Amino acid sequence: MREVARLLCGRRTKWLVVVFWLVVVVVAAPLAGKLMGAQDNDAASWLPSSAESTQVWEESKSFRPEIITAVVVYAREGGLTGADRDRIAGDKRQLMALSAHGVRGEETRGPLYDSRTAPSAAQIFVPITMDEKGWERIGPAVDSVRDIVGTGQGDLTVHISGPGGVAADSADAFSGIDSTLLLAALAVVVVMLLITYRSPTLLVLPVVSVVAALLTAQALIYLLAAHAGLTVNGQSAGILTVLVFGAGTDYALLLVARYREELRRHEDRHEAMARALHRAGPAVLASSGTVVLSMLVLLAAEMNSTRGLGPVAAIGVAIALIAMLSLLPALLVIFDRWVFWPAVPHFGTPEPTEHGFWARTGHQLALHPRRIWVATALVLAALSLGLVQLRAAGLSNADSFPDKPDSIAGQEVQNRYFPAGSGSPLVVIAAADRSAQVRTAVEGTRGVVPGSLVVPPGARPVHDGRAIFEATLADAADSGQAERTVERVRDAVHGLPGADARVGGDTAAALDMDDATRHDNVLIIPLVLLVVLIILALVLRALLAPLLLVATVVLSFATALGVSALVFRHVFDYAGETTDFPLFVFVFLVALGIDYNIFLTTRIREEALHQGTRAGVVTGLAATGAVITSAGLVLAGTFAVLGTLPVVAFAEIGFAVALGVLLDTFVVRSVLVTSLFLDIGPRVWWPHRLAREDGGAARKREAV
């Protein structure tokens with residue numbers, strides 16, 4: 001590491017590093033702008049390829065093009081008038097002539113009136129083709145339908161609902177996600193760096209470095225998505241921005257803090273940076289390695305969306321690491337000490353952290369460490385009891401938005417006047433010679449609307465010995481009752497000999513998604529813990545300390561989840577959480593939260609070699625307290641920007657991770673871990689010899 005450090009910040013090589021990154025950014029910037037166009041947000045990009053609903057989705061393409069249905073819903077509380085019926089009929093004629101943005105106007109069905117003697121509502125079903133660019137044009141397609149049907153007049157209300165309407169509203173919620181997250185994350189980083197450094201000049205260099213890292217990561221991920229089959233969707237692209245900004249800025253804070261220390265000890269800034277990289281580099285490498293490997297563990301997931309997030313996040317963090325250990329040091333050395341203005345660290349001046357707030361905190365904790373860590377652990381455990389309020393069983397369409405878009409208002413009207421599953425049917429594909437028995441079994445299943453079985457519009461009834469048909473659900477397609485109906489239908493048709501029947505559709509996809517996510521929760525969480533434990537053991541060359549650190553992070557995770565559940569229920573009034581909510585929060589909190597423990601404990605170990613473990617704990621906390629606090633605030637702030645998106649799932653993940661990071665920063669790392677290490681003393685390094693030979697003797701052996 002020492003030789004690499006001298007190479008990166010040498011008197012001549014520092015310029016080569018900057019030129020290299022300048023070329024990289026010039027090449028990467030145009031490619032990074034294409035990442036949104038390479039995103040794949042259809043069902044297959046999220047669901048496991050082995051899921052039954054995915055198999056139905058793939059096989060149905062042989063019967064007809066992939067189609068999503070927008071449902072135009074008309075309603076008048078006192079009953080539709082003759083003028084209303086004329087208007088609906090006129091809208092139907094115009095819709096049948098519509099062919100813009102993939103709308104298959106000629107296949108428009110309806111109007112279908114509710115079953116009352118004097119109908120109060122009507123539905124028109126408008127199919128929209130979903131090709132490789134379908135998800136990009138779903139919004140324009142629905143807008144073209146809305147241009148015809150309008151938004152109602154007087155007491156007549158008109159809404160566009162169904163899967164097409166919900167997809168269009170979701171696309172609208174995610175529109176501009178890249179720029180929104182980028183600007184919000186950038187604002188958080190700038191403000192926090194300004195507060196931390198109190199220098200308007202110094203903050204520019206980390207910001208330039210992290211933006212360069214983000215553009216490079218986006219460009220590489222685009223190339224892999226376009227030419228190597230990497231799956232990228234709106235979720236992973238959004239989290240990429242947050243991760244690169246949060247993790248990259250954390251690494252920058254740690255490096256700059258150590259560089260500032262060394263500038264006070266060395267007159268030559270090149271030597272100071274070489275020492276800073278040599279001392280801080282291993283901790284940064286260990287923390288980033290933990291994040292990268294934890295993200296790659298996601299490749300073991302069944303959910304395509306979760307599996308795709310793994311390499312996307314790992315690439316982002318790895319490139320952020322490279323930028324912060326090459327571009328940032330080179331820029332810092334080029335701009336000399338004045339970049340720290342007005343608090344310039346001059347050679348020979350005392351290090352302020354030796355007698356600052358965190359030094360005093362360490363001395364106070366050393367007075368009664370056992371009493372403090374026991375009390376802290378009990379409080380965190382009590383707060384984690386809020387987990388009983390967690391409802392990670394999925395969100396309905398209505399609960400997925402913080403407000404009520406037009407599609408949800410239309411869905412409420414549908415539920416009032418029509419079978420709740422209208423517009424989002426079950427799709428069943430089976431052997432053609434057994435289709436009669438399959439149809440009978442489906443129609444006889446509780447929860448399926450009798451007489452609703454039809455061949456999908458525009459589809460061939462039979463193809464290659466297989467038959468396809470649809471059935472309407474009695475319950476809302478996004479409800480738990482509808483999922484139970486899917487299970488009953490599958491049980492009924494799977495038992496028919498020779499039928500080889502499969503059941504898909506939106507409700508079946510949601511059911512398969514929940515099942516796969518529950519499997520991933522059970523598999524991924526222990527694997528991530530194992531990865532973190534192994535890395536900590538290698539970095540600290542001990543076993544007891546890593547076990548204690550992992551235990552504290554798990555406690556922090558449980559507390560963050562418990563408090564978040566209480567806030568979601570009683571403050572934000574959210575209906576629940578998605579099934580993948582605990583997994584994402586766990587992965588981000590454990591992988592990123594362990595960073596601060598690595599920063600702290602590697603410094604403690606370094607100091608323990610010189611002055612003993614207990615004194616090393618106080619010194620380590622004094623040296624790293626301010627920078628880790630700043631890093632925690634930056635990371636919490638960048639994840640909190642997910643709350644700027646009008647999507648409940650993102651807001652929940654952002655809130656829980658931000659809360660967990662703050663707990664790690666201000667409670668777990670500064671109080672719980674510190675007091676634990678103070679109480680246990682040298683034995684915390686067991687089985688390393690440092691557990692027996694504390695201080696100078698251990699340092700001599702380490703040098704040998």
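**Exercise 1. How many of the 704 residues of the protein chain, in percent, count as buried?**

Solution. Start with the source: this is a predicted model, in which local features need pLDDT of at least 70, side-chain atom pairs count only at pLDDT 80 or more, and totals for chains, interfaces and linings use all residues. Residues are numbered from 1 along each chain as its sequence is written, and side-chain values use heavy atoms, leaving out hydrogens and water.

Next, apply the cut-offs. Buried means under 20% relative accessible area, exposed over 50%, and partly exposed in between (1.4 Å probe, protein chains only). The result is 59% of the 704 residues buried.

**Exercise 2. Compare the radius of gyration of the protein chain with that of a compact globule.**

Solution. Take the radius over C-alpha atoms; the globule rule is 2.2 Å times the number of residues to the power 0.38. For 704 residues the rule gives a value near 27 Å. The protein chain has 29 Å, which agrees. Along the principal axes, the C-alpha atoms fill a box of roughly 90 × 50 × 50 Å.

Now turn to contacts (heavy atoms within 4.5 Å). Of those with a separation of 6 or more, 80% join residues 24 or more positions apart.

**Exercise 3. Lay out the open sheet that contains β1.**

Solution. Begin with the inventory: 23 helices and 9 strands. Helices (H or I, at least four residues) and strands (E, at least two) are DSSP runs, numbered from the N terminus. Two strands pair if DSSP finds at least two bridges between them.

The open sheet has 5 strands in the order β2-β3-β1-β5-β4, with antiparallel pairing. Its edges are β2 (109-113) and β4 (152-153), each paired on one side only. Inside the order, β1 (residues 67-75) and β5 (residues 156-161) run antiparallel and are joined by 5 bridges. For instance, Ala75 has Thr157 of β5 as its bridge partner.

**Exercise 4. Is His270 buried or exposed, and what does His270 touch?**

Solution. Locate His270 in helix α11 (residues 269-297). Its relative accessibility is 9%, so His270 counts as buried. Leave out residues up to four places away in sequence; His270 then touches Cys9, Gly10, Arg11, Lys14 and Val333.

**Exercise 5. Is Gly495 buried or exposed, and how far apart in space are Gly495 and Leu328?**

Solution. Gly495 sits in the loop between α17 (480-494) and β9 (502-505). With a relative accessible area of 56%, Gly495 is exposed. Leu328 is 167 residues from Gly495 in sequence. In space, the C-alpha to C-alpha distance between Gly495 and Leu328 is 63 Å.
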